[in-house]
Amino acid sequence: MPWRTADSVLPEGRYYFTGAEALAEGAIAAGCGYFAGYPITPTTEAMEHLAHRLPEVGGVFIQMEDEIASVCSCIGASWAGRKAMTVTSGPGFSLMQEGIGHALMTEAPLVVVDGQRAGPSTGQVTVGAGDVMQARWGMHGGIPTIATAPWSVQELYDGAVHAFNLAEKYRLPVLVMAEAATMHLRESLTVPAQLEVYERDKSPGRPPFGCDAPDGVPPMPSFGEGERLLVTASTHNEWGFRRTADPLTERVLVNRLYNKVMMHVDDISEVEGYYLDDADEAIVAYGFTARAALAAVQELRDVGRKLGLLRLKTLWPFPAGPVKELGARVRRILVPEMNLGQMVYVVRATADCDVVRYGQMDGTVIYPASIVEAIRRTA
Amino acid sequence: MSNEWRDYLRPGVTLPFCPGCGHRLLLKHVLTAIVELGLDINKVLFVSGIGCGGWIPSPCINTDTLHCLHGRAVPFAVGAKMANPELTTLVVSGDGDIADIGGNHLIHAARRDHDITVICANNMNYGMTGGQVCSTTPVGAITHTTPNGNQRRPFDLIALVNGAGARYAARYLVTEGPALVSAIKRAIQTPGFSFVEAISPCPTQFGRQNKKDSIKAVYTYVESMAISKEGDSTGATLSPEGLLVTGEFAHA
């Protein structure tokens, strides 16, 4: 069985951590054995934490010359058998897109954390969530991968473990779309004594890039194990031989890469509902903004509005089922975002009701009062 | 030199090189060095980027191979080596890949002294895209993007990596087989960062544009750009006339 129960590296208990520290410790708990990164606000603190913690637990830490080198070295480490992670923010996330595509195409498990800030370009080093569409469409080729949206320090810890597990299970880069707001937040964290960890299937002798199932995940032996692996991000057959002018090989490969995500949305994608049972209107939110949305829902519930919240824990693959179901029973959905409107378009395409955008992009978090006002204004 | 190197070609692969391409010779020299060192072939990793030079290991060599993004072979190799230090890790890729788009990674890997060997197949132009100017194209040479002749100075790659702290650096023509094999062996055996530049004539693109009408003429032309270090004790990597000095430039 690829799942195993691992003892926590941190002693079980309650901690008062920043999001950056929780993320770093979550990665260690998940078995991260290689980290490469380049300093950038707001994820530098996670990197600094790993600089001393990872070597203590037998991992490799390195600061590279840029974000491109960081993500590429992580892929090299992943193929050499270690669980690998890098952390960055908007500008670095843009630089990493080609590398993320390489990991996707060679099916190298990898965790990339984007502590989103206000963009475009260098923008502001303050809070934002402007990269959520980039997580889906940023790399060329348009094949989906997995992106999560943690909303708390606890979820940066748990979410790091979850991200590594998904990366290993589905052999792909998992994008943790964190935010400056949560990376710099300090709040209590509960560390359990044990956790479930997924270890990659290394079965030798089988093709590492193909399998019978159209949505399957082939085994992934590592370099140095005698498999004479032929790894390329060019179109390749099940053994890794380049077939860059063969339509069938490309079709088989990209359809499997697509299917292994899109045919497993129910396993991958998670949502959380609040006050939805009797709701006739709802908010769909993610990340830090969902905290403000929950407070706004509670405030408006107090004055009798039948308002609920659907929180997207996973952004991609988009949890279309729950959103569609929600759209069928409420008259209106508000989508507040720390950008000028991104996920709102997906919600609008999915939910069969009125879907209203509330975008704020000024380097500050959205306060509950702003959401309350937005709900009242659009009543 | 025996033919044992052929045992390390990946079964079923047809060599992808143009007639007269120096990369075919380099493939043979690299594998001969591996054979002569008696390395455990299951613990050898070849990493390459995009371009003709990247095809030397991938798919030709029957070890673990990692074919990377354009310009990024070195950081991929750094990650693999740090993750598993047992792997004898070699980058074999072209000059455009390693020195142009990947130049920053090259100097930083040398500076940080990762225990990898980078072999740069220098054909003095972008071959795979049809023959454009590169950071290693000699002054005056014609390419599709320098139709009046290249006016920009080329990199002296040996001086570049030595300036960045390489433990071992060597430059030879692919036609200098025994010397090049010996240099590759020394590079692999050198702890820390080592670099070998293999000057590799490109008849199809570079040769044709510079009006060399035979493979032999291309080789003569490229050979005329280099001069042996033999007898020169100055350590210079370029001759007073600007020729590429061939030989070993060890730092240790």
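In what order do the nine strands of the open sheet run? In this predicted model, the order is β12(A)-β2(B)-β1(B)-β3(B)-β4(B)-β6(B)-β5(B)-β8(B)-β7(B), and the pairing is mixed. The sheet thus takes in a strand of chain A alongside strands of chain B. Its edge strands are β12 of chain A and β7 (226-228) of chain B, each of which pairs on one side only. From one strand to the next, the twist averages 25°.

A good place to look at how the two chains join is the pairing of β12(A) with strand β2 (residues 64-67) of chain B, which is parallel and runs over three bridges. Two of the partners can be picked out by name. Leu230(A) has Thr65(B) as its bridge partner in β2(B), while Val231(A) is bridged to Leu66(B) in that strand. Strands of a sheet pair through backbone hydrogen bonds, in either the parallel or the antiparallel sense.

The contact between the chains takes in other elements as well. Altogether, 33 residues of chain A are in contact with 29 residues of chain B. On the chain A side, at least two residues each are supplied by β3 (32-37), β4 (60-63), α3 (67-79), α4 (90-106) and β12 (230-232). The largest share, nine residues, comes from α3(A). Sorted by class, the side of chain A that touches chain B has 19 nonpolar, nine polar and five charged residues.

Helix α3(A) is worth following across to chain B. It packs with α2(B) at an angle of about 45°, the axes lying 6 Å apart; α3(A) is therefore oblique to α2(B). The crossing in which α3(A) passes α2(B) is right-handed. From α3(A), the residues that meet α2(B) are Ala69(A), Cys72(A), Ser73(A), Cys74(A), Ile75(A), Gly76(A), Ala77(A) and Trp79(A). Facing them in α2(B) are Pro75(B), Phe76(B), Ala77(B), Val78(B), Gly79(B), Ala80(B), Met82(B) and Ala83(B). This helix-to-helix contact has 13 nonpolar and three polar residues, with no charged residues.

The partner helix in chain B, α2 (residues 73-83), is mostly covered, as 11 of its 11 residues are buried. Among the buried residues are Phe76(B), Val78(B) and Met82(B), which also take part in the contact with α3(A). Lys81(B) is likewise one of the buried residues of α2(B), as are Ala73(B) and Val74(B) at the start of the helix.

Definitions and conventions:
Residues are numbered from 1 along each chain as its sequence is written. Chains are lettered from A and ligands numbered from 1 in the order in which they are written. This is a predicted model: local features need pLDDT of at least 70, side-chain atom pairs count only at pLDDT 80 or more; totals for chains, interfaces and linings use all residues. A residue is buried if 20 or more other C-beta atoms lie within 10 Å of its own, exposed if 12 or fewer, and partly exposed in between; C-beta atoms are placed from the backbone. Helices (H or I, at least four residues) and strands (E, at least two) are DSSP runs, numbered from the N terminus. Two residues are in contact if their C-beta atoms, placed from the backbone, lie within 7 Å. Ala, Val, Leu, Ile, Met, Phe, Trp, Tyr, Cys and Pro count as nonpolar, Asp, Glu, Lys and Arg as charged, and the others, Gly among them, as polar. Two strands pair if DSSP finds at least two bridges between them. Axes are lines fitted to C-alpha atoms, for helices over the stretch in contact, and angles run from 0 to 180 degrees between N-to-C directions. Angles under 35 degrees count as roughly parallel, over 145 as roughly antiparallel, 65 to 115 as roughly perpendicular and the rest as oblique. A crossing is left-handed if the near helix is turned anticlockwise from the far one by less than a right angle, and right-handed if clockwise.
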